[in-house]
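Hi,

Here's the structure I said I'd pass along. Have a look at it first, then read my notes underneath.

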Amino acid sequence: MKKTLVTLLLATATASACGKTDAGGQGATAAPAANTAATAPAAAPAVANADTSLPGDPVKGEDVYKRVCLACHGADGKGNGGMTGANFIGDKTRLAKDNAILIKSVTEGVMNVPPGKPVMPPQGAALSAEEIKDAIAYVRKTFGG
Ligand code: HEC
């Protein structure tokens, strides 16, 4: 197997202002920009590997959502403009989070929020783990698009 040696010339285009007095003529050795082999755009950080699949049954989750979550998050998932619950429509970062994070948030609540912001009380006492997963599945399916 032959190896192809690719010589990568890094054009260190040091734009050093070397004695530019009034040298009208540009001695520019305009190297053709062979600099296209840039590194592939890095995957979006933070949520790159987030598991955003449906963690449960969205059909069962609809019932749970309407019974428990709707009061704060609203029928439209906007949380009354974020005044009473997370706005899933307006804040796409919410549902970009990994299932494990959302399950934890709903189960244990989100109490540590800046002053003036609404908190989410823990739902883990009133609901089973299954119901919480189903409700999150409903939220993802309904408001995640
Ligand atoms: C008493 C009001 C209330 C109820 C009931 C409630 N939530 Fe929330 N929820 C909130 C608030 C407020 C936040 C935003 C907290 C914050 O600032 O991070 C939130 C955040 C969330 C988040 C985002 C969590 C995160 O980590 O960003 C999810 C998902 C969620 N709620 C789902 C649910 C589901 C599913 C239910 C029903 C089982 C539910 N919530 C019930 C008020 C509520």
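Below is what I found, starting with confidence and moving on to the fold, the ligand and one odd residue.

First, a caveat: this is a predicted model. The average pLDDT over the protein is 80, and 68% of the residues reach at least 70. The weak spot to know about is residues 1-21, where pLDDT is below 50 and the stretch makes 2 contacts beyond near neighbours in sequence. Where pLDDT is low, the predicted coordinates shouldn't be read in detail.

On the fold: the protein has 4 helices and 0 strands, so the order from the N terminus is simply α-α-α-α. Of the 145 residues, 19% are buried. If you take the contacts between residues at least 6 apart in sequence, 64% of them join residues at least 24 apart.

H4 is the helix I spent some time on. Its 15 residues should span 21 Å at 1.5 Å a residue, and the end C-alpha atoms are indeed 21 Å apart, so the two agree. H4 is also mostly covered, with 11 of the 15 residues buried. Among them are Ile132, Ala135, Ile136, Val139 and Phe143, but also Glu131, Lys133, Asp134 and Arg140. What do these buried residues pack against? The partners are H1 and H3.

Those helices turn up again around the ligand. The shell there holds 28 residues, and the closest are Cys69, Cys72, Ala86, Ser105 and Met120. Helix H1 (58-73), helix H3 (99-108) and helix H4 (129-143) are the elements that give two or more residues to this shell. H1 provides the largest share, with 6 residues. By class, the shell breaks down like this:

- nonpolar: 20 residues
- polar: 5 residues
- charged: 3 residues

Last, the odd one. Asn80 has a phi near 50 degrees, which is a positive value in a residue that isn't glycine. For context, most residues other than glycine have a negative phi. Asn80 sits in helix H2, which covers residues 79-82. Is Asn80 buried, partly exposed or exposed? It has 14 C-beta neighbours inside 10 Å; a residue needs 20 or more to be buried and 12 or fewer to be exposed, so Asn80 counts as partly exposed.

If you open just two places in the viewer, I'd pick the ligand shell with its 28 residues and Asn80 with its positive phi.

Cheers

Technical notes: Residues are numbered from 1 along each chain as its sequence is written. This is a predicted model: local features need pLDDT of at least 70, side-chain atom pairs count only at pLDDT 80 or more; totals for chains, interfaces and linings use all residues. A residue is near a molecule or strand if its C-beta atom, placed from the backbone, lies within 6 Å of it. Ala, Val, Leu, Ile, Met, Phe, Trp, Tyr, Cys and Pro count as nonpolar, Asp, Glu, Lys and Arg as charged, and the others, Gly among them, as polar. Two residues are in contact if their C-beta atoms, placed from the backbone, lie within 7 Å. The expected span of a helix is 1.5 Å times one less than its number of residues. pLDDT is the predictor's confidence in each residue, from 0 to 100.
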